[in-house]
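Open the model in your viewer, pick a cartoon style, and keep the selection box handy. We will go from stop to stop, selecting a little at each one.

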Amino acid sequence: MGNISLAHAQQTVAGTTYYLPKTALRVTMLIEKTTYTPGQFAMYANRYMRKPNVAQTSTATYRIADIRMAAVGVPDSAKQHTLVIDKKYSVNEVDRDESGILLAINTTGKRTAQPKAFVPSAQPAAINPKDFMNEDILSAGSTAKMAELTAKEIYDIRESRAQLSRGQADFMPKDGAQLKIMMENLDKQEHALLQVFEGVTTRDTVETVITCVPTEETDRQLLFRFSRKLGLVDNDDLAGTPYYISVAIDRHVTDEAPAASEKEPKDNFGLYVNVPEKIQITLSHQGKAVKRFETYAGQFGKTECLSGELFGKKLTSRIVLNPVSGSIEKIESDMVK
């Protein structure tokens, strides 16, 4: 037998040590934070701009924009085994991932696809209202006078736009493209100056990942707490409302992969696989289901041992395991000539 190739692994004295996986639930949330900053002249918004409901204090609010669920495999310390490697068995390659989870024998296994890194949308450049204030506004002796002159400037901008749209302006553009540019510039000026009355609202989205490992059936297990005013908070912080998960075994579904023999094989050389159960996970909030997810889970079901005869003198095999559940995904055997 040639040299044994061990992917991401070191061979022990007795053989190759590996783990079978238990199935973890990865919950990925996009949390949007909305921040409101009052304008410099917020207290004059009603007097000059007829806006009675403009807030004068800063606020921040949060909401969950999206929730995604995925199953991932993590090493199960209760299912650590050692594969016996000697001339008796035709094992020339043992493929494991970086954490030691067994992926394949005599072939290359599948890796769990890594999620794409979240990239938030680019924020528009902030507009400085002072860049659009004339000399009279900037040199006014009081905040009230500045607010009055700024309001007058906004109304003048609106009047100029109305005259352009009616074709009554003193200096009309030569063509439609020039008209469009002029109208856009007026819109930009008005938007900038309105900020000092109405304030500025910005939105920023961040990605948060929570990973949990279901271990038993449960009707309600606290996953996280979320507050509209604080965002994601600690599980013991009652300022946040709870989000629960429930876990149920789907007993109407057969095993994901063909089962190995129920009995311990005589020729046991340490090769074990999971025979997982299918579970249904429900995420709920305030009594309503928010998200549902189904997966085969290695910690539910049983573990079985494969016979060394699959890798004996008469037969050699290639086995690929599911990296999330630890079950057999593919097995191919050839007669040794």
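Over how many bridges do strand 2 and strand 3 pair? Select residues 15-37 for strand 2 and 59-84 for strand 3, and you have the first stop. The two strands run antiparallel and pair over 21 bridges. Before going further, please keep in mind that this is a predicted model.

**Stop 1: the sheet**

To check the pairing by eye, label Thr17 and look across to its bridge partner in strand 3, Thr82. Then do it again with Gly15, whose partner in strand 3 is Val84.

Now add strand 6, residues 200-212. Strand 2 pairs with strand 6 as well, again in the antiparallel sense, this time over 13 bridges. A good place to look is Glu32, which stands opposite Thr205 of strand 6.

With these pieces on screen you have an open sheet of three strands in the order 3-2-6, paired antiparallel. Strands 3 and 6 are its edges, each pairing on one side only. Turn the view and look along the sheet: the twist averages 10° from one strand to the next. As general background, strands of a sheet pair through backbone hydrogen bonds, either parallel or antiparallel.

Colour strand 2 by accessibility if your viewer can do that. The strand is mostly covered, with 18 of its 23 residues buried.

**Stop 2: the cores**

Which residues touch the most other members of the largest nonpolar core? Show Met29, Leu223, Phe224 and Leu283 as sticks: these are the ones, in a core of 25 residues. The elements giving two or more residues to this core are strands 2, 3 and 6, together with strand 7 (218-227), strand 9 (241-249), strand 10 (268-285) and strand 11 (288-307). Strand 3 supplies the largest share, five residues. In soluble globular proteins, nonpolar side chains tend to be buried together.

Centre on Phe224 and expand the selection to its contacts. Leaving out residues up to four places away in sequence, Phe224 touches Met29, Ile64, Ile210, Leu232, Asn235, Thr241, Pro242, Tyr243 and Leu283. Apart from the largest core lies another, of 23 residues, and Tyr36, Met133, Met146 and Ile154 are among them.

**Stop 3: helix 4**

Select residues 176-198. Does the length of helix 4 fit what its residue count predicts, and what are the two values? At 1.5 Å a residue, its 23 residues should span 33 Å, and the end C-alpha atoms are 32 Å apart, so the two agree.

Zoom in on the start of the helix: there a side-chain oxygen of Asp175 comes to within 3.3 Å of the backbone nitrogen of Ala177. At the other end, helix 4 is followed by Gly199, which has a positive phi near 85°.

Next, colour the buried residues of helix 4: Leu186, Glu190, Ala192, Leu193, Leu194, Gln195, Val196 and Phe197. What covers them includes helix 1 (45-49), helix 3 (143-166) and strand 6.

Pause at Gln195. Its relative accessible area is 12%, under the 20% cut-off, so Gln195 counts as buried. Beyond four places in sequence, Gln195 touches Gly39, Ile127, Pro129 and Val200.

**Stop 4: a buried asparagine**

Move to Asn274, in strand 10. Is its side of the model buried or exposed? Asn274 is buried, with a relative accessible area of 2%. Draw a distance to Thr303 and you will find a polar contact of 3.4 Å between the two side chains. Sequence neighbours within four places aside, Asn274 is in contact with Leu20, Pro21, Lys79, Gly298, Lys302, Thr303, Ser325, Gly326, Ser327 and Ile328.

**Stop 5: two positive phi angles**

Finish with a pair of loop residues. Asn106 sits in the loop between strand 5 (102-105) and helix 2 (135-138). Although Asn106 is not a glycine, its phi is positive, about 65°. Asn106 is buried, at 11% relative accessible area.

Then jump to Gln286, in the loop between strand 10 and strand 11. Gln286 is not a glycine either, and has a positive phi of about 55°. With a relative accessibility of 63%, Gln286 counts as exposed.

Terms used:
Residues are numbered from 1 along each chain as its sequence is written. This is a predicted model: local features need pLDDT of at least 70, side-chain atom pairs count only at pLDDT 80 or more; totals for chains, interfaces and linings use all residues. Side-chain values use heavy atoms; hydrogens and water are left out. Helices (H or I, at least four residues) and strands (E, at least two) are DSSP runs, numbered from the N terminus. The expected span of a helix is 1.5 Å times one less than its number of residues. Buried means under 20% relative accessible area, exposed over 50%, partly exposed in between (1.4 Å probe, protein chains only). Contact means heavy atoms within 4.5 Å. A polar contact is a pair of N or O atoms within 3.5 Å; within protein, one must be able to donate a hydrogen and the other to accept it, and residues adjacent in sequence count only if both atoms are side-chain atoms. Two strands pair if DSSP finds at least two bridges between them. Axes are lines fitted to C-alpha atoms, for helices over the stretch in contact, and angles run from 0 to 180 degrees between N-to-C directions. A nonpolar core is a set of buried Ala, Val, Leu, Ile, Met, Phe, Trp, Tyr and Cys residues joined through side-chain atoms within 4.5 Å.
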